[in-house]
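Dear colleague, please find below some notes for your reading of this model. They are set out as numbered points.

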Amino acid sequence: MDDVLRIAIIGDFNFAYNSHNATNQALQHVENVLDQPLNFYWLNEKECCEDNLDFSENYDGVIIAPGPYRQPFYFNSIISHLLNKNVPVLGTGDCFKILVETYFDKKGFDLNREKIISDNLIDGNQFTGINLDKLTDEFSKIYMNKGNVEYSSSRFSVLPQYSDFLTEDFEIGARNQYFDPEILKSKKHEFFLFTMFCPQVLSTSDMPHPIFTYFIKSVRRLYDIKASQS
């Protein structure tokens, strides 16, 4: 049997949120289909920042769950920290906006004066469908056996001129029908992937969502590399 992979899920777990329950279920779907044992642990943002910024050393992979977050300001430090760590990271939902804001803040943009990314254009905790378009070759292969419709409780609009800036350090894996980036993948990190939508809500026991399968396969690959070097 393969070694058990330890996955940290950062967020404020609430059983009433479909996306939070779906995150757990998506991991279980992948675990069963790949026959890869997983242990996953929910950590709130304060635990990962103020109390122990080196938390990632204890895990083989990190997921940043959809919000809402009680203390969202912690995520700027968490995302900056994870960008410099050799641990696979998957973010879904609301944290997409925080990633974009963190990136432009590090680039020296004044976020108070420049409205780079909008507030959430979806009211409440309802889910709405989006269509993925302009997929790169990598993500076209990932979505080969799945339709291009995804669901999200968050939609943020990035001004076009700033969207171009993102491509300096991120691959835009797909856009939505409004031409906003829906998938961002770091060009410099081993595996650092954020989606504006929530892939977990469409995962099933028979067909785990390919984004989650991709993530766990990457976690396993990096785990094996580290094990061979130790």
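1. Is Y151 buried, partly exposed or exposed? In this predicted model, Y151 has a relative accessible area of 34%, so the residue counts as partly exposed. Y151 belongs to strand 6, which spans residues 149–152. Together with V149 and L202, Y151 makes up a nonpolar surface patch with about 220 Å² of accessible area in total.

2. The largest nonpolar core has 37 residues, and the members that touch the most others are I10, F55, I64, I78, L82 and F194. Two or more residues each come from strand 1 (5–10), strand 3 (61–64), helix 3 (74–83), helix 4 (95–106), helix 6 (160–166), strand 7 (170–175) and strand 9 (192–195). Helix 4 contributes the most, with seven residues.

3. I64 merits a separate entry. Leaving aside residues up to four places away in sequence, I64 touches I10, Y69, F75, I79, L82, L90, G91, T92, C95 and F194. Apart from the largest core lies another, of 27 residues, including I7, F191, I211 and I216.

4. The salt bridges come next. Side chains of opposite charge can pair when their charged atoms come close. Counting nitrogen–oxygen pairs within 4 Å, the model holds twelve salt bridges.

5. D12 pairs with R70, the closest N and O atoms lying 3.0 Å apart. This salt bridge links distant parts of the chain, 58 residues apart: D12 sits in the loop between strand 1 and helix 1 (18–34), and R70 in the loop between strand 3 and helix 3. The partners have opposite settings, since D12 is buried, at 5% relative accessible area, whereas R70 is exposed, at 65%.

6. Within helix 4, K97 forms a salt bridge with E101, with 3.8 Å between the closest N and O atoms. Because these residues are four places apart in the helix, about one helical turn separates them. K97 counts as buried, at 14% relative accessibility, while E101 is partly exposed, at 25%. Both residues also take part in a network of salt bridges with K115 and D119.

7. E190 and R221 form a salt bridge whose closest N and O atoms are 2.9 Å apart. Here too, distant parts of the chain are linked, 31 residues apart: E190 lies in the loop between strand 8 (181–186) and strand 9, and R221 in helix 7 (residues 210–229). E190 is partly exposed, with a relative accessible area of 37%, and R221 is partly exposed as well, at 40%.

Conventions:
Residues numbered from 1 in each chain as written. Predicted model: local features only at pLDDT ≥ 70, side-chain atom pairs only at ≥ 80, totals over all residues. Heavy atoms only, no water. Patch = residues over 30% accessible without salt bridge, like charges linked within 9 Å, V, L, I, M, F, W, Y side chains within 5 Å. Areas by Shrake-Rupley, 256 points an atom, 1.4 Å probe, with all protein chains shown as cover. Salt bridge = Lys/Arg side-chain N within 4 Å of Asp/Glu carboxyl O. Buried < 20%, exposed > 50% of the residue type's maximum accessible area, 1.4 Å probe, protein only. Core = buried A, V, L, I, M, F, W, Y, C linked by side-chain atoms within 4.5 Å. Contact = heavy atoms within 4.5 Å.
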